[in-house]
Amino acid sequence: MRAGFVGLAGRPNVGKSTLINALVGRRVAIVSDRPQTTRRAIRGIVTDEAAGWQIVLVDLPGVQRPRDVLTERMQRRVERELADSDAVLLVVNGEEGIGPGDRFIDRALLGARRDISVLCVVNKCDRLGKPQTAAALATAAELASVDEVFPISARTGAGLEPLLERIAELMPEGPYLYPPEQQSDQASDVLLAELIREQVLNRTREELPHSVEVAVSEVERRDDGLVTVRAEIWAESESQKGILIGAGGGKVKEVGKAARRELERELEAQVHLDLQVKVRRRWRRDEGLLDRLGIE
């Protein structure tokens, strides 16, 4: 029996969350084309009882230069989780090629590594022709920290099976770390809040996505099966609140409608979503609030 932790490192927006969802086989991390989508270290769990292995995939925030207490915490969490990993996946965007950000992470992994393997996962190869794929793989193989390179498409699933098999081989011998049926360690209310935030991210631009947080205050399941979810969207200023609400409440209604569909898919029940928009000034710099949100 084998079991261990695998940290996913990479620049923001290279497809780490899409990859972890694909490997787990269900949604455990939200996906958006906005940087800083992932704020917490989210664990997705893959278990093959027949083969006798369990892999705990840790979806980490994208490596970046900290600019406030929130991003400082995100960066520290990346460093801690990578230090505790049994293997590392360095995820790069095959379409964009290896850039300065990827090389920065490569140097950080090389400087911090213990006796663990680093697998470079070249994502989005479904959008490349054979010559471009070969070039991307060759460039990735030149990174100093990388031991092996795998071409994949997290979106289509191409290349995931051999990647998963190799990760399993790298896991240390030992008992399962979680029950075999468990697929994530994320609390239910946090996942629901993230599903709502995903819809905000997909409908806002510029600085606003980074200034928004969502907190679920109550989840109530009635005898008739209806689930009421009460949640707040936090902005940092009145002007941001106005943008989130939109003309005639149009924006928040749009977010709520889309979020309700995702909540119903997750909860497998009809959902009534009570969504409020509130101002929480400087919440990204509030240490106590970040503690309560579980952003360590």
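These are my notebook entries on a predicted model of a single chain, taken topic by topic.

**Entry 1: the chain overall**

I began with the secondary structure of the chain, which comes to ten helices and nine strands. I then looked up burial, and found that buried residues make up 53% of the 296 residues in the chain. For the surface I noted an accessible area of about 13,600 Å², with 46% of this belonging to carbon and sulfur atoms. Turning to contacts between residues at least 6 apart in sequence, I found that 71% of them join residues at least 24 apart.

**Entry 2: the nonpolar cores**

Next I asked which residues have the most contacts inside the largest nonpolar core. That core has 29 residues, and the ones I was after are L19, I55, L57 and L89. I listed the elements that give two or more residues to this core, and they are the strands β1 (2-9), β2 (42-48), β3 (53-59), β4 (87-93) and β5 (117-123), together with the helices α1 (16-24) and α5 (160-170). The element that gives the most is α5, with six residues. I followed L19 further and, leaving aside its neighbours within four places in sequence, found it in contact with L8, L89, V91, V121, I152, A154 and L160. Apart from this core I recorded another one, of 26 residues, with V227, A231, L244 and L275 among them.

**Entry 3: helix α1**

Since L19 had come up in the core, I looked at how its helix is set in the structure. I noted that α1 is largely enclosed by the rest of the structure, because seven of its nine residues are buried. The buried residues are K16, S17, L19, I20, N21, L23 and V24, so that I count a lysine, K16, and an asparagine, N21, in the buried list beside the leucines L19 and L23. These buried residues pack against the strands β1, β2, β3, β4 and β5 and against helix α5. After α1 comes G25, whose phi is positive, near 95 degrees.

**Entry 4: V14 and K124**

I then moved to V14, which is found in the loop between β1 and α1, and asked whether it is buried or exposed. V14 counts as buried, because its relative accessibility is 0%, the cut-off for buried being under 20%. Not counting residues up to four places away in sequence, V14 touches V91, V92, N93, N123 and K124. The last of these partners lies 110 residues from V14 along the chain, yet the C-alpha atoms of V14 and K124 are separated by 8.7 Å. K124 itself sits in the loop between β5 and α4 (130-141), and it too counts as buried, at 17% relative accessibility. When I checked the backbone there, I found that K124 has a positive phi of about 70 degrees although it is not a glycine. I keep in mind that most residues other than glycine have a negative phi.

**Entry 5: helices α6 and α9**

Two packed helices are described by the angle between their axes and the distance between the axes, so I looked up both. Helix α6 (residues 188-201) packs with helix α9 (residues 250-267) at an angle of about 145 degrees, and their axes are 9 Å apart. The crossing in which α6 passes α9 is right-handed. From α6 the contact is made by L191, L192, L195, I196, Q199 and V200, and from α9 by V255, A258, A259, E262, L263, E266 and L267. Sorted by type, the residues of this contact are ten nonpolar, one polar and two charged.

I took L191 of helix α6 as one residue to follow. It counts as buried, at 8% relative accessibility, and, not counting residues up to four places away in sequence, L191 touches R26, V28, Q186 and E266. I also noted that the C-alpha atoms of L191 and I42 are separated by 9.8 Å, with the two positions 149 residues apart along the chain.

On the other helix I looked at K257, which has its place in α9 and is exposed, with a relative accessible area of 52%. C-alpha to C-alpha, K257 and Q199 are 9.4 Å apart in space and 58 residues apart in sequence.

**Entry 6: E268**

My last check was E268, in the loop between α9 and β9 (271-279). Its phi is near 55 degrees, a positive value in a residue other than glycine. E268 is exposed, with a relative accessible area of 72%.

Note on methods. Residues numbered from 1 in each chain as written. Predicted model: local features only at pLDDT ≥ 70, side-chain atom pairs only at ≥ 80, totals over all residues. Heavy atoms only, no water. Axes fitted to C-alpha atoms, helices over the stretch in contact; angles between N-to-C directions. Helix = DSSP H or I, 4+ residues; strand = E, 2+ residues; numbered from the N terminus. Left-handed = near helix turned anticlockwise from the far one by under 90°. Contact = heavy atoms within 4.5 Å. Nonpolar A, V, L, I, M, F, W, Y, C, P; charged D, E, K, R; others polar. Buried < 20%, exposed > 50% of the residue type's maximum accessible area, 1.4 Å probe, protein only. Areas by Shrake-Rupley, 256 points an atom, 1.4 Å probe, with all protein chains shown as cover. Core = buried A, V, L, I, M, F, W, Y, C linked by side-chain atoms within 4.5 Å.
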